[in-house]
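Work through the exercises below with the structure open beside you, and try each task before you read its solution.

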Amino acid sequence: MSFSIFVLYSLADKWKMTPTEVYKILNKTGILDDYVIGCYDVLHTQGKEYLVEDITEFAREKGVNV
């Protein structure tokens, strides 16, 4: 749970949005459950900058304009 919150706040800073807005985007696209939570074992070993860039790119692939 704390990892997901860390990701939400990190993306919120980068995307200039509130964590609630980021949550809605990640939840709607399935990125939160399928990627952030689903790939926790690998993702939690990565640095903040990598996570933000990786998830940003993934969101763009899903059609999110961030």
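The exercises that follow concern a predicted model, and each solution goes step by step.

**Exercise 1. Helices α1 and α2**

Task: Determine how helix α1 and helix α2 are oriented to each other, and which residues make their contact.

Solution: Two packed helices are described by the angle between their axes and the distance between the axes. For helix α1 (residues 2-15) and helix α2 (residues 19-29), the axes come within 8 Å and cross at roughly 105 degrees. Angles of 65 to 115 degrees count as roughly perpendicular, and α1 and α2 are therefore roughly perpendicular to each other. From α1, the contact is made by Leu8, Tyr9, Leu11, Ala12 and Trp15, while α2 contributes Pro19, Val22, Tyr23, Ile25 and Leu26. Sorted by class, the residues of this contact are ten nonpolar, no polar and no charged.

Task: Decide whether Ala12 of helix α1 is buried or exposed, and find its contacts.

Solution: A residue counts as buried when its relative accessible area is under 20%. The relative accessible area of Ala12 is 4%, so Ala12 is buried. When neighbours within four places in sequence are left aside, Ala12 is in contact with Met17, Thr18, Pro19 and Val22. The C-alpha atoms of Ala12 and Tyr23, which are eleven residues apart along the chain, are separated by 9.0 Å.

**Exercise 2. The length and surroundings of helix α5**

Task: Check the span of helix α5 against its number of residues, then say what covers its buried residues.

Solution: The expected span is 1.5 Å times one less than the number of residues. Helix α5 (residues 48-61) has 14 residues and should therefore span 20 Å, and its end C-alpha atoms are 20 Å apart, which agrees. The buried residues of α5 are Leu51, Val52, Asp54, Ile55, Thr56 and Ala59, and what covers them includes α1, α2, α3 (31-37) and α4 (40-43). After α5 comes Gly63, which has a positive phi, near 95 degrees.

Task: Describe the place of Thr56, its burial and its contacts.

Solution: Thr56 lies in helix α5. Its relative accessible area is 3%, and Thr56 is therefore buried. Not counting residues up to four places away in sequence, Thr56 touches Leu11, Trp15 and Val66.

**Exercise 3. Helices α1 and α5**

Task: Find the orientation of α1 to α5 and the classes of residue in their contact.

Solution: The axes of α1 and α5 come within 10 Å and cross at roughly 75 degrees, and that makes α1 roughly perpendicular to α5. On the α1 side the contact is made by Phe3, Phe6, Val7, Ser10, Leu11, Lys14 and Trp15, and on the α5 side by Lys48, Leu51, Val52, Glu53, Ile55, Thr56 and Ala59. By class, this contact of α1 with α5 has nine nonpolar, two polar and three charged residues.

Task: Which side chains meet in a salt bridge, and how accessible is each partner?

Solution: Side chains of opposite charge can pair when their charged atoms come close. The structure holds one salt bridge, in which the side chains of Glu53 and Lys14 meet at 3.3 Å, N to O. This pair links distant parts of the chain, since Glu53 is in helix α5 and Lys14 is in helix α1, 39 residues apart. With 41% relative accessibility, Glu53 counts as partly exposed, and Lys14, at a relative accessible area of 46%, is partly exposed.

Conventions:
Residues are numbered from 1 along each chain as its sequence is written. This is a predicted model: local features need pLDDT of at least 70, side-chain atom pairs count only at pLDDT 80 or more; totals for chains, interfaces and linings use all residues. Side-chain values use heavy atoms; hydrogens and water are left out. Axes are lines fitted to C-alpha atoms, for helices over the stretch in contact, and angles run from 0 to 180 degrees between N-to-C directions. Helices (H or I, at least four residues) and strands (E, at least two) are DSSP runs, numbered from the N terminus. Angles under 35 degrees count as roughly parallel, over 145 as roughly antiparallel, 65 to 115 as roughly perpendicular and the rest as oblique. Contact means heavy atoms within 4.5 Å. Ala, Val, Leu, Ile, Met, Phe, Trp, Tyr, Cys and Pro count as nonpolar, Asp, Glu, Lys and Arg as charged, and the others, Gly among them, as polar. Buried means under 20% relative accessible area, exposed over 50%, partly exposed in between (1.4 Å probe, protein chains only). A salt bridge is a side-chain nitrogen of Lys or Arg within 4 Å of a carboxyl oxygen of Asp or Glu.
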